[in-house]
Amino acid sequence: NDISIHVSPYDSEKAMKGLEDDVQTAQQYLEEGGGGFLSSVSREEDFEETVQIYQALKNPNTRLFDVSMYVTVRGDTEEELNKSTAEVVKKLESAPALTKPINSNYHQLESFKSTSPVLEDEVDYKTEMMSGAVGAMFPFSTTTIIEDGGIEYGMHAGNSSPVIVNRFEERSTGYNQLTFGKIGSGK
C-alpha cells in the first residue's frame, strides 16, 4: 500500500468568519423548531458542535487545515486486490481511524498521481480538520520508544514516558533523526 497525506493550512480569519456565520445559521435553525423530537435533538447537536469548533479555533494554538489522504492498494491478481482492498477499507472504517473511505472508480489516474511522490493532489478531495486531529493521523509515533542499549533523548510529549534510543542499532529506515521542540527548549 502507498499512503499519501496532503495537508494545507486553512486561512484562520476566513475560518473564523465562516464559523461565525455557521453559528448564527445553526442558532436560527435551532430556534425555528418544527419537526419531531429527533430533529430538535439533531439541531441542538449541530448547534453545540458548531459552537465547540468555533470556541476551539479562538485558541491561538489551534489551527484549521485542509486535509486529503489517499491510499493505493496493489495486488498480483484481481482476487488478491479485492481481498487487500477489503482489508484496508475495514481497517480505515474501524477504531481508531473511524474514516469513511471512498473508492475512486472513475478517477484512478488522478488518485494514483495523488499517492505518488510527486507531491500533487490531483483528486483535490479535502476535509477540514483541526490541528489536533491532523497530528493524530500521522503514523510516525508510537506510545513508547524504549530501545535496548539506548540513551535517553527526552520525554514523550503524549504520555510522558522516557524516549530511549540506540542510535547505532541497525535500522531498515536508515540513520536519520528529526527533532521537534519549542524555541529555547534545548534541541
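Reader: What makes the three strands an open sheet in the order β1-β2-β3?

Author: In this predicted model, three strands pair in the antiparallel sense in the order β1-β2-β3, where strands are DSSP runs of E of at least two residues, helices are runs of H or I of at least four, and both are numbered from the N terminus. Two strands pair if DSSP finds at least two bridges between them, and β2 (residues 64-72) and β3 have four, so they are called paired. Within that pairing, phenylalanine 65 stands opposite methionine 129 in β3.

Reader: Why are β1 and β3 called edge strands?

Author: Strands β1 (2-9) and β3 (127-130) each pair on one side only.

Reader: How do you know on which side of α4 the buried residues lie?

Author: Ser111, Ser114 and Thr115 of α4 are buried, which means that each has under 20% relative accessible area (over 50% would be exposed, in between partly exposed; 1.4 Å probe, protein chains only). They cover an arc of only 90° around the axis, taken from the directions from the helix axis to the C-beta atoms, and therefore lie on the same side of α4. Their cover includes β1 and β2, contact being heavy atoms within 4.5 Å.

Reader: What is the confidence in the chain?

Author: On pLDDT, the predictor's confidence in each residue from 0 to 100, the chain averages 79, and 87% of the residues score at least 70. Local features need pLDDT of at least 70 and side-chain atom pairs 80 or more, whereas totals for chains, interfaces and linings use all residues. Residues are numbered from 1 along each chain as its sequence is written, and side-chain values use heavy atoms, without hydrogens and water.
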